Every structure is written in structure tokens, then in C-alpha cells.
Number of protein chains: 6
Amino acid sequence: MLNALAIEDAVKAALQEDLGRAGDITTLATIPASARAHAVLAARQDGVIAGSEIAIAAFRMMDASVRFDTHVADGSPVTKGDVVLAVEGPARAILSAERVALNYMGRLSGIASLTALYVKAVAHTKARIVCTRKTTPGLRAFEKYAVRCGGGFNHRFGLDDAILIKDNHIAVAGGIVPALRAVKASIGHLVKIEIEVDTLAQLDEVLSEGADVVLLDNMTPQMLKEAVRRVNGTMLSEASGGVTLETVASIAESGVDMISVGALTHSAKVLDLGLDIGVN
Amino acid sequence: MLNALAIEDAVKAALQEDLGRAGDITTLATIPASARAHAVLAARQDGVIAGSEIAIAAFRMMDASVRFDTHVADGSPVTKGDVVLAVEGPARAILSAERVALNYMGRLSGIASLTALYVKAVAHTKARIVCTRKTTPGLRAFEKYAVRCGGGFNHRFGLDDAILIKDNHIAVAGGIVPALRAVKASIGHLVKIEIEVDTLAQLDEVLSEGADVVLLDNMTPQMLKEAVRRVNGTMLSEASGGVTLETVASIAESGVDMISVGALTHSAKVLDLGLDIGVN
Amino acid sequence: MLNALAIEDAVKAALQEDLGRAGDITTLATIPASARAHAVLAARQDGVIAGSEIAIAAFRMMDASVRFDTHVADGSPVTKGDVVLAVEGPARAILSAERVALNYMGRLSGIASLTALYVKAVAHTKARIVCTRKTTPGLRAFEKYAVRCGGGFNHRFGLDDAILIKDNHIAVAGGIVPALRAVKASIGHLVKIEIEVDTLAQLDEVLSEGADVVLLDNMTPQMLKEAVRRVNGTMLSEASGGVTLETVASIAESGVDMISVGALTHSAKVLDLGLDIGVN
Amino acid sequence: MLNALAIEDAVKAALQEDLGRAGDITTLATIPASARAHAVLAARQDGVIAGSEIAIAAFRMMDASVRFDTHVADGSPVTKGDVVLAVEGPARAILSAERVALNYMGRLSGIASLTALYVKAVAHTKARIVCTRKTTPGLRAFEKYAVRCGGGFNHRFGLDDAILIKDNHIAVAGGIVPALRAVKASIGHLVKIEIEVDTLAQLDEVLSEGADVVLLDNMTPQMLKEAVRRVNGTMLSEASGGVTLETVASIAESGVDMISVGALTHSAKVLDLGLDIGVN
Amino acid sequence: MLNALAIEDAVKAALQEDLGRAGDITTLATIPASARAHAVLAARQDGVIAGSEIAIAAFRMMDASVRFDTHVADGSPVTKGDVVLAVEGPARAILSAERVALNYMGRLSGIASLTALYVKAVAHTKARIVCTRKTTPGLRAFEKYAVRCGGGFNHRFGLDDAILIKDNHIAVAGGIVPALRAVKASIGHLVKIEIEVDTLAQLDEVLSEGADVVLLDNMTPQMLKEAVRRVNGTMLSEASGGVTLETVASIAESGVDMISVGALTHSAKVLDLGLDIGVN
Amino acid sequence: MLNALAIEDAVKAALQEDLGRAGDITTLATIPASARAHAVLAARQDGVIAGSEIAIAAFRMMDASVRFDTHVADGSPVTKGDVVLAVEGPARAILSAERVALNYMGRLSGIASLTALYVKAVAHTKARIVCTRKTTPGLRAFEKYAVRCGGGFNHRFGLDDAILIKDNHIAVAGGIVPALRAVKASIGHLVKIEIEVDTLAQLDEVLSEGADVVLLDNMTPQMLKEAVRRVNGTMLSEASGGVTLETVASIAESGVDMISVGALTHSAKVLDLGLDIGVN
């Protein structure tokens with residue numbers, strides 16, 4: 001479930017971006033204020049739905065009297081042709097909010113659908129598919145929600161809610177051990193620590209010093225398997241780097257706990273959704 | 001060139017989204033305030049660059065003393081390995097702004113790169129590739145700019161800057177002729193009128209009544225050719241509907257003036273860019 | 001009809017400007033929370049009404065239970081003494097919102113009323129009266145709406161929704177022809193092009209190169225008549241420069257399509273409206 | 001002197017209103033980024049200047065490198081043809097900010113100029129010309145500043161910074177005495193109290209109960225003279241209601257301390273200012 | 001009564017600060033959307049209540065269907081154990097808004113409670129207890145309201161609503177008399193003037209020149225008594241400087257009109273309030 | 001180190017709150033624009049400093065030419081009379097920003113100073129002093145920073161960055177084990193889990209199911225000692241509930257890892273800081 005306050009602000013900004021200074025001049029010129037319409041938002045391809053609350057908020061913000069009937073809940077699969085949402089209300093409101101509703105929902109459903117493919121590909125393993133911070137500026141919370149709708153799990157939401165020590169941090173701090181110690185000396189007790197390693201030697205250093213999660217970057221499945229053996233359940237292990245739908249299963253079979261996939265949010269195609277409007 | 005005021009607001013919001021309440025806690029714990037770094041933002045695949053000003057603004061907003069050297073201008077092609085931008089300044093600022101800079105620039109360069117492929121595919125014709133309003137909420141002006149970087153042209157920026165009469169408007173207005181007349185009676189003299197038609201019969205009605213542009217929706221190349229013949233240069237013609245890199249050339253060869261492609265903005269993959277940081 | 005989202009933001013800002021930090025301290029001290037009032041917003045001079053929705057929004061934002069009865073729709077004429085709007089609700093809300101409601105509505109009705117005078121003066125010709133970008137900062141969309149209420153038409157809403165090439169653009173671009181070509185090479189197909197000329201020689205250049213509209217600046221009625229003859233319907237013609245209620249008819253009789261009048265928005269006097277409040 | 005923080009926010013909003021989503025597309029298409037220009041902002045009619053800081057901020061916000069030379073300070077008179085401000089910098093910045101700069105400065109100088117006429121008309125008396133809350137929504141602080149530039153004085157800035165008891169407050173509170181007592185019982189020691197009266201009988205009540213200022217509404221000069229006699233310096237007296245340039249002198253000669261004039265801010269015509277640009 | 005528009009903005013910002021990007025993840029994971037709860041907000045120590053409207057707004061903003069029953073009005077005393085407010089509605093909304101509601105209400109009630117102690121300590125005199133500008137950034141209007149709930153009165157709300165001439169102003173202006181004259185020459189007729197003095201000699205200067213209020217800073221009760229004698233009712237007198245609950249009575253007995261106490265807002269302890277939740 | 005973007009927004013809002021519509025009218029009337037001043041911000045009591053960057057930002061936002069010399073860094077102790085910060089620049093800027101600078105810095109230094117007292121009281125144990133979410137609305141990040149300046153550590157920054165399961169969550173979820181399992185099934189791998197227990201029996205349940213941290217609420221030192229014995233290092237332990245400077249040492253001696261103290265942020269008194277201004 002999404003934060004309703006965040007939805008309100010986002011939808012308002014998106015509508016204002018589309019309405020500009022003069023508003024929907026085509027609709028105002030051709031559709032009487034009294035005209036009413038009904039519409040169905042339907043899937044034009046198979047996938048997983050995410051973002052219905054945002055679409056509803058877009059119509060409602062144009063006119064609070066618009067009514068809805070949700071046929072498919074967020075996180076549920078759809079087949080081409082399925083009706084997701086039925087809408088009824090003033091024709092002007094429905095026509096003017098249509099693009100914003102579809103832009104949000106198509107994008108989020110695209111992310112959910114792609115995530116679901118990755119999740120399915122590793123279903124025979126214990127690995128979780130997780131997202132990254134490679135999200136669209138301004139849409140992070142929504143896109144991370146869409147990943148959850150697709151069966152994935154979330155990584156950090158930002159730079160502030162967990163520690164992730166990368167190679168450059170290690171280089172400046174003078175090594176893995178000093179970097180981990182610097183972090184442990186300053187952070188609060190509810191902040192987890194993850195650290196990135198490129199080699200098994202680095203992994204051994206991490207294991208000796210301790211952390212919550214180790215990020216195994218750009219390792220082959222064989223290396224990952226050895227890394228998992230060495231970790232031996234003492235911390236969580238995450239694989240990352242160039243993961244594709246073709247390679248994800250073999251990576252998962254190494255025994256890692258999580259596989260992070262930037263493409264979920266930075267390269268998902270929109271899910272094709274359409275709004276079929278009938279004027280009452 | 002992008003509107004600098006818009007860049008400032010967008011980059012600030014994106015940085016705040018990533019920094020959250022507590023800021024970049026990993027960098028603050030491991031990197032001294034006095035450490036300096038240099039970095040190169042380089043292409044990891046072939047494509048077209050867009051968004052350098054935004055990336056620069058992100059680093060500068062973290063620390064006004066960060067310095068830049070732009071190697072590749074927006075709208076220029078890059079080959080895998082090319083350096084796009086060199087950066088030098090406080091290590092904390094560079095590390096903390098890295099993801100925002102890459103998220104914007106990777107996305108916009110992805111759009112520019114995909115646009116360039118479409119543009120190349122129709123280069124033997126007079127057709128222009130144009131974008132749609134199927135953009136990411138909040139990023140419309142940036143994404144439309146990226147389309148121009150890729151050699152494409154822009155369609156409407158919003159509901160307010162041009163008339164586009166679609167099937168539902170026609171249905172409620174009582175037909176093509178009444179819809180066009182209603183619009184002409186109310187709009188200003190600097191607003192263009194485009195109207196969507198699905199059939200050649202509808203096209204004839206539009207031709208008899210007059211408009212600036214006709215949108216030929218979901219027509220086969222053969223139908224488009226006939227439509228272009230009937231239009232005979234009296235207005236501009238735009239083809240739309242299910243355009244792909246495979247079909248775009250044959251559509252263009254029909255003689256239409258513009259081909260609109262929603263995928264440019266709603267389904268472009270990120271262009272893979274990376275920031276290689278060296279600590280001074 | 002105005003964009004409801006824009007009204008909400010504008011009215012909220014205006015109320016906050018008036019309420020300041022401590023609110024309406026006179027009303028809070030002298031009027032009990034339970035007191036109710038009715039009021040009529042009436043015209044104290046003849047004119048044309050614009051902005052009722054904004055006035056209503058101001059009262060409603062102070063208290064959602066305020067009720068209304070609109071007697072005169074936006075765009076309609078009023079005679080001194082006519083009731084425009086009847087209001088009933090909590091006395092505190094009505095008293096605290098009164099000034100914001102009147103400030104908006106008086107200003108917009110003043111613009112509509114002045115526009116109506118210009119429109120009437122040219123009613124025997126085909127000329128349209130159009131506004132300019134000489135609007136009050138922050139109120140452009142509202143003021144352009146008021147011009148429409150008065151029977152006028154709108155020019156550009158901003159620098160981004162149409163091309164208007166002026167003398168300085170021409171000078172830097174190296175002449176009328178290069179300026180027009182530069183513009184045509186870059187803009188989208190839904191952007192109209194207008195270009196300003198001061199002489200008939202310049203007009204001939206524009207006619208040879210082509211544009212959507214020519215702005216005939218500071219020409220005498222005689223020059224305008226000759227310009228209209230040369231244009232001969234191949235593009236629209238707009239007259240501008242020092243237009244007054246005294247001169248507008250003779251300008252219109254030259255046969256131009258539009259006459260732009262900055263005074264509509266930059267020098268209209270307020271329409272005198274008053275709120276007569278009765279306490280229940 | 002204006003509050004610089006307020007100027008920054010206001011100018012940014014005004015520029016964004018004018019630039020819209022796509023920016024100044026005419027200038028971007030015709031003026032190279034490297035072109036520089038100089039310009040003089042000059043008076044095209046006689047008047048008093050107000051708002052130079054705002055105009056300067058508009059140019060500077062488009063490009064921080066724009067340079068200025070102020071020839072006429074705010075509050076000073078100008079004669080037709082006088083140069084007010086010289087500007088030099090990137091041509092794009094000057095062209096794109098021109099309208100916002102002129103819209104603010106023309107409006108504020110118009111208010112200052114009209115105020116100066118009223119001030120001159122009462123210069124032989126002790127009366128101060130004061131403004132009202134009948135200001136443009138969003139511009140109150142700027143417009144009240146313009147009144148001071150014209151030699152006038154300010155009334156309340158909002159509903160929160162002073163008490164002004166009007167007829168409706170008196171009616172609900174049960175009379176002048178209970179209204180004044182209710183107010184005195186609740187307000188802080190730095191809040192002044194003004195009360196409106198329509199008759200001399202009401203004035204006597206106010207005099208017996210005490211207040212800081214009495215507002216003598218819609219009284220003839222003869223009644224005002226008698227009112228001033230009765231007040232006898234025990235509180236300040238303000239005349240209001242239908243004041244014009246023709247009537248203001250006779251009102252002032254009654255001996256009142258202040259005369260408030262709504263027209264200063266709600267019906268001032270713009271002062272005609274122009275920007276003459278020369279491209280370097 | 002507080003300004004409802006200000007409450008809405010403040011509560012929204014506070015909820016967003018607490019909810020962050022991902023929202024109340026504990027509640028979302030453990031509480032079903034359908035669960036309902038009732039709760040009582042009760043006092044855990046004696047004091048005076050302030051801020052109920054803000055608490056209510058916090059719950060309502062999470063879910064508009066939350067219902068309330070106010071047992072204790074703002075400004076009323078409570079004894080440990082008293083129920084202040086009963087709440088009923090969706091369990092998620094109540095749990096997620098709890099901390100924001102308590103943070104506002106505890107802080108404001110703390111200020112009201114401390115103010116009430118000072119007011120009681122001087123109840124045998126005519127002195128009013130007044131607050132200062134030493135408030136929490138962003139909460140000034142709320143904190144000044146809380147002072148009124150505790151029986152105190154308000155000083156200036158900001159730098160703009162009254163004149164307060166302090167030692168540095170006097171020093172630069174060249175003395176008390178020039179400072180007072182400079183101020184009187186520029187300010188409006190609804191702005192009061194207060195001036196700070198440290199010695200009786202300075203007081204005499206103020207008395208000779210005239211002002212609305214004199215601020216007697218850091219004087220002993222004896223000095224204050226002499227100051228009051230000299231003022232002799234010709235202006236208001238305010239004592240300030242190091243006032244504590246122990247010293248305030250003797251200061252008040254000097255006969256001053258007001259005593260200003262910074263501690264009311266800068267050092268009040270929270271009033272201990274708790275929310276006892278029962279799940280339906 | 002604080003987030004500079006957050007400082008800028010907060011300081012701007014605080015200055016606007018104080019400046020209101022008309023600005024610092026006393027300073028504008030009495031201090032010439034050309035006057036310069038120097039000032040020292042000094043401690044008037046012993047304590048620990050926090051917030052210098054915010055104070056500096058306040059002066060700089062009024063005038064970018066103000067210069068500083070920092071004598072005491074954030075997190076350092078001061079003795080009554082110590083100079084913390086020296087300031088030099090335009091007198092108007094220094095006088096107008098003074099109160100905002102002191103309001104922020106006094107409040108944050110008060111929190112740092114109180115935290116330091118708690119930290120000192122438990123210095124002979126391993127216990128960390130941690131803050132809570134009982135912060136001032138709008139100031140959370142600043143107040144948590146102040147806690148770190150005083151030697152304390154931070155708890156959650158909001159509802160979204162860690163799980164804290166409280167009694168009501170347990171009740172609805174059907175017990176400790178189901179609550180923990182529900183949470184583990186949904187949260188990301190970088191989110192820590194803390195759970196509140198009131199009894200040793202509940203603790204045993206938590207220990208059997210597993211969590212990152214257990215919150216031991218309102219237990220006596222004896223119970224805490226037994227709890228720590230049972231936890232035996234398998235997770236972190238936090239004590240909370242009614243902690244005072246008198247009781248904190250005995251609580252710490254129980255062996256808990258953290259002690260959370262709401263009073264650090266909700267009931268700290270301001271640290272008395274003053275600005276002594278000398279006019280150049």
C-alpha cells in the first residue's frame with residue numbers, strides 16, 4: 001500500500017505538468033461540462049498490475065465525484081483483455097486525467113511485470129530478487145512499491161537508511177577493516193551495514209570483521225558458490241552486476257540470498273494499458 | 001538547451017529524495033570532509049548523450065566548487081568507452097551526487113539513443129520522428145529535450161498548447177465537423193489544430209472542413225499512402241499506432257510528414273553510463 | 001472554465017497572504033464561532049463578470065460548509081445593483097475571505113469589462129480583440145480567462161507555446177528569412193509561427209518565406225489596409241501598438257484579423273463589486 | 001527596500017509562468033548562446049519609478065553574469081525618455097527575462113506614479129495618503145512598497161497585524177462599546193485598534209470608549225471637519241470612501257490625518273516603460 | 001482558534017517527515033487495512049491543554065474517516081489521568097499519526113502549562129505575562145497560540161508587525177530621539193512603537209519624545225517601581241530580562257503592565273500525554 | 001555534518017516566518033544600508049555547541065557578503081563567556097538574522113548539552129544514550145544531529161527506516177511470533193527489526209523467534225539485569241521508559257546496550273547564547 005500523502009502530491013504535480021497554464025483546451029472546447037462518461041482501463045498485454053491507487057487519485061483530483069470499481073488488485077496478474085478498473089463520472093474529468101493515470105500505471109505495471117519474470121526465473125531457489133537505487137528521479141517510492149507488486153523485495157530507499165560501503169569508500173578509508181570500523185563507531189543501532197567485495201580475499205576480510213550483508217559484485221556463478229560456502233550463513237549475501245533474465249537462474253543457484261537487478265527500474269518497458277471510454 | 005530554473009528544482013528534489021533525512025551516511029562515516037576526488041563519466045555502450053547539464057547541476061548542488069570538463073556535448077553520439085564528462089572536487093560531493101547524476105543522464109541518453117535509431121531508420125524519407133505525451137510524470141520537458149537530442153521532434157508538451165481532437169471528443173461533439181467548428185470558435189490564433197481519424201472517410205471530412213494536422217491512427221502503409229495522396233499537401237499528416245523499429249521505415253515511405261512513437265519515452269532502456277572515481 | 005487545481009493553489013496563497021501568521025484577529029475577537037451570516041456580492045457599476053469560481057473557492061477554503069447561489073455566470077453583463085452571487089455560512093469564514101474574493105473578482109471582472117468595450121467597438125468588423133503577455137505576474141491564466149469572458153481571444157500564454165519573432169531576434173539571426181528558417185528547422189509541428197514587421201518591405205519578405213501569422217506593429221490604418229491587401233489571406237494578420245478605445249475601430253476597419261491590446265490586462269481598472277453582509 | 005528573499009521567490013515564479021515547460025523557444029532557435037546584448041530600460045511617459053530590484057533579479061536569475069547600472073533609484077521621478085536602468089549580458093537572458101522585468105516594474109511604477117499624484121494634491125495639508133488591502137493577490141508587499149515609493153504610507157498589511165473593526169463586527173458584537181472591549185481583552189500590547197464609523201453619533205461612542213484610530217467612512221468634507229473637531233487630537237482620524245484625484249484635496253482640508261485610497265493599488269495604470277535592446 | 005490553512009500545511013509536513021519514503025512499514029506489515037481501533041489521548045500529568053485541533057488534523061489527514069470526541073477544550077486545565085480526546089477509526093491511521101499528534105500537542109500543552117504557572121504567580125497584580133520571538137523555527141504561530149491558551153498574551157509575531165527599537169538601533173541612529181523620529185517618519189499609522197531602555201535616564205528621553213510602549217530591560221524591582229512612577233500611565237511599560245517563576249511576582253508588583261518571558265517558548269518541558277489504543 | 005540542502009530550506013522558511021510581509025521594519029528605519037557591524041556569538045552558560053552551520057546560513061542568506069570565524073566547532077564544550085562564532089558584515093543583515101540564528105542554535109545546543117549530561121552519567125558502562133522520535137515537528141534531522149553532537153546516538157529517523165513492533169502491533173498480529181514473522185516476510189534485507197517487550201516471558205518469545213534488537217520497556221534495573229542475562233549477546237538490548245539523569249546510571253549498570261531518552265529532544269532547555277553586536 002502506498003503512502004496516500006505522497007500520491008496526492010505526485011498526482012497533483014503530474015496533472016499540472018499536463019494541464020499547463022490553459023488546461024485541456026480540446027476537451028473544454030468540445031465536451032460540455034454536463035457530459036458524463038464511463039470507461040474501462042484494460043490490459044492490452046499480459047503482465048502484473050501496479051498503481052491503481054494512483055490512477056484513481058488522478059481521476060478523483062480532476063473531479064471528486066468520479067466513481068470506481070477495481071477489478072484487479074495491485075500485485076495481481078492480468079491477461080491481455082482483462083479489465084483492471086472501471087470508471088464513471090464527468091466526461092471532462094475522465095478525458096483530462098486519462099494520460100496521467102495511464103502514464104503512472106503503465107510504468108509501474110511494467111516494472112511489476114518485469115520483476116515477476118525475474119522472480120519466476122529463480123522460484124526454484126531461495127534467492128530474492130531486489131531492486132536498486134537506479135530509479136526514476138521523483139518516483140523512487142512508487143517504483144519500489146511496483147517491485148514489491150511483482151514479487152520482488154526492496155534494497156535501500158536512499159543514501160540515509162542503510163550503510164552500503166563501496167570500493168571508493170574502502171579506498172579512502174584505508175581498507176575494508178578501517179571502513180567497517182569507522183561506520184560501526186558512528187551509526188545508530190537500527191542501521192544495517194552492507195559492504196561490496198570484488199574478490200574472495202576481500203570477502204574473507206569482511207567475514208573476519210563482521211557486517212550484516214556482503215555484496216558480491218560481478219562474480220561468476222562459480223565464484224558466487226564459493227563465496228556462499230565461505231559466508232556459511234554468518235551474514236546475508238547479495239549478488240549484483242550485469243544480471244539478465246538469461247543469467248539470473250544460474251546466479252541464484254549459487255545459493256546467494258539476494259540478487260539485485262537495476263534493470264527492474266531503469267529499463268522496464270511500459271505495460272500496455274488502454275482506457276476505452278464510452279460517453280453516456 | 002534546457003531551462004536552467006527547471007533543472008535546479010528537479011535536481012534539488014532528486015537529491016533530497018536520495019539523501020532523505022540523514023544524508024549519505026556511508027560517505028559521511030568513511031570519507032573525510034577534506035578528501036578530493038576526480039572522476040570520469042563514461043559510456044559503457046554506444047548511444048547518444050543527453051542531460052549533461054543536469055548531471056553537472058547535481059554535483060554542483062552538493063558543492064559549488066566541483067569543476068567539470070565536458071568531452072561530449074548533448075546530442076552527440078558516443079562509442080563504448082568514450083569519456084563524456086570529467087569531474088573534480090570534494091570526494092563527498094561527487095560520491096553523494098553520483099546516483100542522481102547517472103539516473104537522470106542514463107535515462108535521458110537512453111531516450112536520445114532510441115530516438116536516433118528511429119531517425120536513422122527513416123532517414124531516406126522526409127518523415128520526422130516525433131514523441132508523445134507518454135512521458136514519465138514530472139520529467140516531460142527533460143524527456144522531450146532528449147528526443148530532440150536524438151534527432152527527433154516534439155509533439156504537444158501538454159493538454160494546453162495545441163488542440164488534438166480524438167475519437168471521444170468527436171463522438172460527444174457530434175462529429176468531425178462540429179468538433180472542428182467548436183474548436184475554431186474558441187481558440188487563439190497561435191494554437192494549432194490536429195485531429196485524429198481512423199478511416200479515409202473521416203479524412204475526407206477533415207479535408208473538407210480544414211485543420212492544421214491530421215493524425216492517421218493505426219493505418220496500414222497502404223492506407224497511409226492513399227491518405228497522403230488525398231491530403232495532397234493541404235495539411236500535415238502524422239502516422240501513429242504500434243510503430244516499431246521494424247515497421248517504421250515502411251510507414252515513413254508512405255509519405256507522411258510525421259510518425260509519432262510512444263516507445264521513445266515510455267519504453268527506452270537506460271543508456272549504460274558509469275562514473276569511475278579516483279581519489280586524489 | 002478555469003483549471004480547478006490552479007484556483008486552489010492561487011486562492012490558498014492569497015488567503016495566507018492576507019491572514020498572515022495570526023489570522024483575522026478582528027473577526028476572531030468580535031465574532032463568535034457559532035455566528036452565521038448571509039451575503040450578496042453585487043455590482044456597484046455596469047460591466048462584465050469574471051472569476052466567480054475563484055470567489056467561491058476563497059469562501060469554501062475558509063469553511064467547506066459555506067453555500068452559494070450564482071446569479072450571474074462568468075462572461076455575462078451586469079448592471080449596477082445586480083446581485084452576482086449569494087453566500088450563506090459561518091460569519092467568520094465569510095468575513096475573513098471577503099477581501100480575497102473581491103480582490104480576485106474585481107480585478108478579473110475589470111479586465112472582462114474593458115475587453116467587452118473593445119470587442120463592441122470592432123463588432124462591425126471581422127477583427128478579434130486579443131490580449132498580450134503584459135499580465136500581472138502570477139495571474140496570467142486567470143487574466144487570459146477574463147479576456148475570454150469579455151469576448152476577447154488569447155494570444156500566447158507564454159514564451160513556450162508559440163513562436164513570436166521580434167526585431168531583436170531578426171537582427172541577431174541575420175534577417176527575416178534566416179530567422180524563419182532557423183525556427184522552422186527546430187520546432188515541432190504543433191507550434192505556430194508569428195513574426196513582427198514594421199514595414200511593408202519586411203512584410204514582403206515574410207510573405208515570400210511563409211509564416212502562420214504576421215504582426216503588423218505600429219502601422220497606420222492606411223498601412224494596415226495595404227498590408228492586408230498584400231497578405232491576401234495567405235496568413236493571419238495582427239495589428240498592435242498604441243491601440244486605444246478611440247483608435248481601435250479604424251484599425252479594425254483595415255481588415256486585419258486580430259488586434260492585440262496590452263491595456264486589457266496591464267491597465268484595466270477594477271470593476272466595483274461589493275459584499276453586503278447580513279448577520280443571521 | 002524590499003525583502004530580498006521575497007523578491008527571489010516571486011521572480012522565480014513569474015519566470016516559470018512565462019517560460020512554461022519548453023522555455024523561450026523563439027530565442028533559443030534564433031539567438032546563439034554566445035550572443036551578448038546591451039539594453040536600456042527607459043521611461044516612455046512621466047512618472048515615479050518603483051521595482052528596479054525586481055527587474056534586476058529577473059535578468060540575474062536567467063543568467064548570473066548579467067550586469068547593471070542603475071540610473072534612477074526607486075522613488076525618484078522620471079521624465080519621458082529618461083534611462084532608468086542599463087543592462088549588459090548574454091542576449092538570451094536579456095530577451096527571455098524582458099517581459100517579466102517590465103511586467104513587475106511597469107505595474108509598480110504605475111502605482112508609485114498614481115500615489116505621487118494624490119500626495120501632491122494634498123501637499124498643502126497635513127494629511128497622509130495611505131493604501132488599502134485592495135491589492136493584487138500575491139503582490140501585496142510589492143504594491144505597498146510602491147505606494148511608499150510614491151510618497152504614500154501603508155495601512156495594514158493583512159488581517160493579522162492590526163485591528164480594524166467594521167460595521168459587521170460591530171453588529172455581531174452588539175455595538176461599538178462591546179466590540180472595542182472584546183478586542184482590548186484579547187489582543188497583544190503591540191496591536192493597534194482602528195474602528196470604522198459612519199455617523200457622528202458613532203464617533204462619539206468611539207471617543208468615549210477609546211481607540212487608536214477612527215475610520216470616518218463616506219463622510220462629506222463638512223462632516224469630516226466636524227468629526228476632526230470632535231476627535232480633537234485624542235486619536236488619529238482616517239477618511240475613506242470614493243476618494244478621487246478631484247475630491248482628495250477638499251477631503252484633506254477637513255483636517256483628517258490620513259486618507260485611504262483603494263484606487264492606488266486596484267486601478268493604477270501601468271507606467272509605460274520599454275526595453276531597447278542592442279545586440280553587441 | 002488556529003488558522004486552519006496553517007494547520008493543514010504544518011501537519012502534512014510533519015507526517016511526511018515521519019513517514020519518509022516508505023511509510024509506516026511496521027504498521028503496514030502487522031496491521032490489516034480493515035482493522036479498526038479506538039484510543040484515548042490522556043494526560044499523564046497536570047497541566048493546561050493546547051493543540052487539540054492539530055492532533056485531530058493529523059489523524060484525519062491519514063484517514064478522513066477517523067472520528068473524534070473532544071473532552072477537554074484548548075486552554076482548559078487537566079489533572080493526571082484526564083481524557084482529553086477520544087479517537088475511533090482505522091487502526092493503521094491511528095497508529096501512524098500517533099507520534100505526530102503527540103509531538104505537537106505535548107509541546108504546545110507544555111507551553112500552555114508553563115505559561116499558566118507564570119500567570120498564576122502574578123494574578124494579584126495587573127501585569128500580563130507575554131511571550132517573545134524566542135520560538136521554535138516554523139512553529140511561531142502555534143506556540144504563540146499556546147501562550148494564549150495558558151492565559152498569557154502575545155508580543156510581536158515577527159519583525160514586521162511592530163517596531164521594537166533596541167540598543168543597537170539606538171546606537172546607529174545616534175540616540176533615542178533620532179531613532180524614534182526616524183521610525184515615526186516612515187511607519188504606517190497602525191504600527192505601534194516600543195523602545196528598550198536600560199536606565200532611568202534613557203527612560204526620561206523616551207518619555208519626552210513619546211512612544212507606545214517602553215521596554216524596561218534587566219531592571220531590579222526597585223528600579224522598575226521608579227520607572228513606573230515616571231511613566232505615570234503615559235505609555236505602557238514592559239519588564240524583561242532573566243524573569244523566573246521565583247522572581248516574577250516581585251517584578252509584577254512594581255506595577256509594570258507586561259512581563260515578557262522567553263522561557264515560555266524556548267525552555268518549556270513537554271506536557272506528558274499518552275495515547276492508549278484499544279483494537280476493536 | 002548536516003545536509004546543506006536541508007539547512008537552506010529550513011533557514012529560508014524561518015527567516016520568512018520572522019520577516020513576514022514587510023520585513024524588519026525597525027532595522028530598515030533606523031540602520032542605513034551602508035552601515036557595517038561585527039558581532040560575537042557567545043555562550044552565557046556552560047554546555048555543548050550544535051548548529052553553527054545553521055546560524056551561519058541564516059546570516060549569509062540575508063546577505064551573502066557576511067563573513068565568519070568559527071571559534072568552537074559543533075560537538076565541543078563551552079564555558080560561560082566563550083566566543084563561539086565571530087561575524088562581520090552589513091549591520092542590517094546581522095540584526096535581521098540574529099533571532100533566527102539564535103533560535104536554531106540555542107535549541108540545538110540545548111539538546112547537545114542535555115545529551116552530554118546523560119552520556120557522562122553512563123560513561124562507566126558500555127551503554128549508549130539514544131534519542132527517540134519525540135522531536136519537534138519539522139526539526140527531526142537537526143535535533144538528531146544535536147544528539148550526536150552531545151555524544152549520543154540516533155534511533156530511527158522515521159517510521160520507514162526500521163521496524164519497531166510495539167504492543168498494539170503485537171495485539172493485532174496475534175502475538176509476538178506472528179508479528180515477527182509477518183514483518184520478516186515483507187521487509188527488505190537492509191531493514192532492522194526491533195520489538196518492544198514488557199515482561200521476561202515476552203522476552204523469551206522474542207529470543208526464540210529472533211530479532212535484531214529488543215526494547216525492554218519500563219523495567220526496573222533488576223529486571224533489566226535478568227533480561228540482559230537471558231539475551232546473552234544474541235541481540236542488542238535497549239532500555240526505555242521514564243529515564244532521568246538520576247536513574248540513568250543504575251539502568252546502564254544493568255548491562256543494556258542502549259538507553260533511549262525522550263527528554264533529550266522534547267524537554268531540553270535552550271542553551272543561553274547571546275549575540276553582542278558592535279557597530280563599525
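B:Arg133 reaches across to A:Asp18 and forms a salt bridge with it. The closest N and O atoms of this pair lie 2.6 Å apart. The model is predicted. Between chain B and chain A, the count is four salt bridges. Polar contacts add to the picture: 33 residue pairs are in polar contact between chain B and chain A, counting pairs with both residues at pLDDT 80 or more.

Which elements of chain B give two or more residues to the side that touches chain A? Among the helices are H1 (4-19), H2 (25-30), H4 (91-121) and H6 (167-173) of chain B. Helices H7 (176-186) and H11 (263-266) of chain B are also on the list. So are two strands of chain B, E7 (163-165) and E12 (273-279). H4(B) gives the most, with six residues. By residue type, the side of chain B that touches chain A divides into 28 nonpolar, 17 polar and twelve charged.

Now take the interface as a whole. In chain B, 57 residues are in contact with 57 residues of chain A. The two chains bury about 4700 Å² between them. Carbon and sulfur atoms account for 58% of that area.

How are the two copies related? A turn of 180°, with a shift of 0.0 Å along the axis, lays chain B on chain A. The RMSD is 0.0 Å. The two copies are thus related as by a two-fold rotation axis. The contact surfaces match as well: 100% of the interface residues of chain B are also interface residues in chain A, so the copies meet through the same surface.

Definitions and conventions
Residues numbered from 1 in each chain as written. Chains lettered and ligands numbered in written order. Predicted model: local features only at pLDDT ≥ 70, side-chain atom pairs only at ≥ 80, totals over all residues. Heavy atoms only, no water. Contact = heavy atoms within 4.5 Å. Buried area = accessible area lost by both parts, 1.4 Å probe. Salt bridge = Lys/Arg side-chain N within 4 Å of Asp/Glu carboxyl O. Polar contact = N/O pair within 3.5 Å; in protein donor to acceptor, adjacent residues only side chain to side chain. Helix = DSSP H or I, 4+ residues; strand = E, 2+ residues; numbered from the N terminus. Nonpolar A, V, L, I, M, F, W, Y, C, P; charged D, E, K, R; others polar. Least-squares fit on C-alpha atoms with pLDDT ≥ 70 in both.
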